[in-house]
Amino acid sequence: MEDSSLAVVFDWDNTLVDTQDNILNAIQHTIDLMGYSNKIADRNSHESRKSYMFALFGDQWKKANQIYQKYLDNALLQNITLNEGVEEMLKTLKNHNVYLAIVSNKKNTNLCEEVAHFKLDSYFDRIVGSGDTAEDKPSATPLLFALEEFILPVNKENVFFVGDSITDIFCAQNANCLPITYGQSISGFEDLLCFQHFDKLTDFVVKYLEDRCIKN
């Protein structure tokens, strides 16, 4: 097999899969157990979990985070659906020899179980979750770890990172990769490439590869 000429890395939650209901349920459960009845489970998915927890619970955020994580562990595979067009996209990109990876701040064991549940693991060269590296996103560390077997230089021409949050954007920028947003454009980052459907993202990547091939 020839070496990959492009890497596309994906966030997991609310990018490749829809887990918003499960996340909101986990937040409401945490609010209830923490006794913060005046708080509302309205997490903006564009911000990181740590930022949200700190804003909601202040110096109690670590305790709240443990409650939140325990709920997610117990609710594994509940209220989770594959977003439309994901498998078709992965199949096409794999056929074009694109290096594929996942970088998520989800607990690594839960992430791998969810990817396996949807039978997507064979598409990815590496799956990186929280606990696999010393730091999570927005640090560049997990993204660079995901790309260790990618032979080309890690830069905006060779690596795209697709996600739905500011955390994903900062992670891509910190690793000098090209950030692409999935779903709605993010306030303050409207100039970034944004795709609401994976068939459009697929078309963009395939054309990019064709144009690169012509130039070379």
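These legends go with close-up views of a predicted model.

**View 1. Six strands line up in an open sheet.**
Reading across the sheet, the order is β5-β4-β1-β6-β7-β8, and the pairing is parallel. Which strands stand at the edges? They are β5 and β8 (193-195), each with a single partner strand, so one side of each has no neighbour in the sheet. From one strand to the next, the twist averages 25°.

**View 2. Strand β4 meets the edge strand β5.**
Here we zoom in on one pair of the sheet. Strands β4 and β5 run parallel and are joined by four bridges. Look for Ala101: its bridge partner in β5 is Arg126. Keep Arg126 in mind for the next view.

**View 3. Arg126 and Glu149 form a salt bridge.**
The side chains of these two residues meet with N and O 3.1 Å apart. Where in the chain do Glu149 and Arg126 lie? Glu149 is in the loop between α6 and β6, while Arg126 is in strand β5, so the pair links distant parts of the chain, 23 residues apart. Is Arg126 buried or exposed? Its relative accessibility is 16%, and the cut-off for buried is under 20%, so Arg126 counts as buried.

**View 4. Asp11 and Lys137 tie two loops together.**
The structure holds nine salt bridges, and this view shows the one between Asp11 and Lys137, whose closest N and O atoms are 2.9 Å apart. Asp11 lies in the loop between β1 and β2 (17-18), and Lys137 lies in the loop between β5 (126-130) and α6 (141-146). The pair therefore ties together parts that are 126 residues apart in sequence. Both Asp11 and Lys137 are buried. They also belong to a network of salt bridges that links Asp11, Lys137 and Asp168.

**View 5. Ser165 touches Asp168, a member of that network.**
Find the loop between β6 (159-163) and α7 (166-174), and you will find Ser165. With a relative accessible area of 6%, Ser165 is buried. Its side chain makes a polar contact of 3.0 Å with the side chain of Asp168.

**View 6. Helix α4 has a buried side and exposed residues on the other.**
Which residues of helix α4 (residues 86-95) are buried? They are Val86, Met89, Leu90 and Leu93. Why do they share one side of α4? They cover an arc of only 95° around the axis, which puts them on the same side of the helix. The general rule is handy here: an α-helix has 3.6 residues a turn, so residues three or four places apart point the same way. The cover over the buried residues of α4 includes β1 (7-10), β3 (81-82), β4 (99-107) and α8 (198-215). Turn to the other side of α4 and you meet Glu88 and Asn95, which are exposed. Just after the helix, Asn97 takes a positive phi of about 60°.

**View 7. A salt bridge within helix α8 joins Asp211 and Lys207.**
The side chains of Asp211 and Lys207 meet at 3.0 Å, N to O. Both residues lie in α8, four residues apart, which is about one turn of the helix. Asp211 is partly exposed, with a relative accessible area of 31%. Lys207 also counts as partly exposed, at 48% relative accessibility.

How values were computed: Residues are numbered from 1 along each chain as its sequence is written. This is a predicted model: local features need pLDDT of at least 70, side-chain atom pairs count only at pLDDT 80 or more; totals for chains, interfaces and linings use all residues. Side-chain values use heavy atoms; hydrogens and water are left out. Buried means under 20% relative accessible area, exposed over 50%, partly exposed in between (1.4 Å probe, protein chains only). The arc is that of the directions from the helix axis to the C-beta atoms. Contact means heavy atoms within 4.5 Å. A polar contact is a pair of N or O atoms within 3.5 Å; within protein, one must be able to donate a hydrogen and the other to accept it, and residues adjacent in sequence count only if both atoms are side-chain atoms. A salt bridge is a side-chain nitrogen of Lys or Arg within 4 Å of a carboxyl oxygen of Asp or Glu. Two strands pair if DSSP finds at least two bridges between them. Axes are lines fitted to C-alpha atoms, for helices over the stretch in contact, and angles run from 0 to 180 degrees between N-to-C directions.
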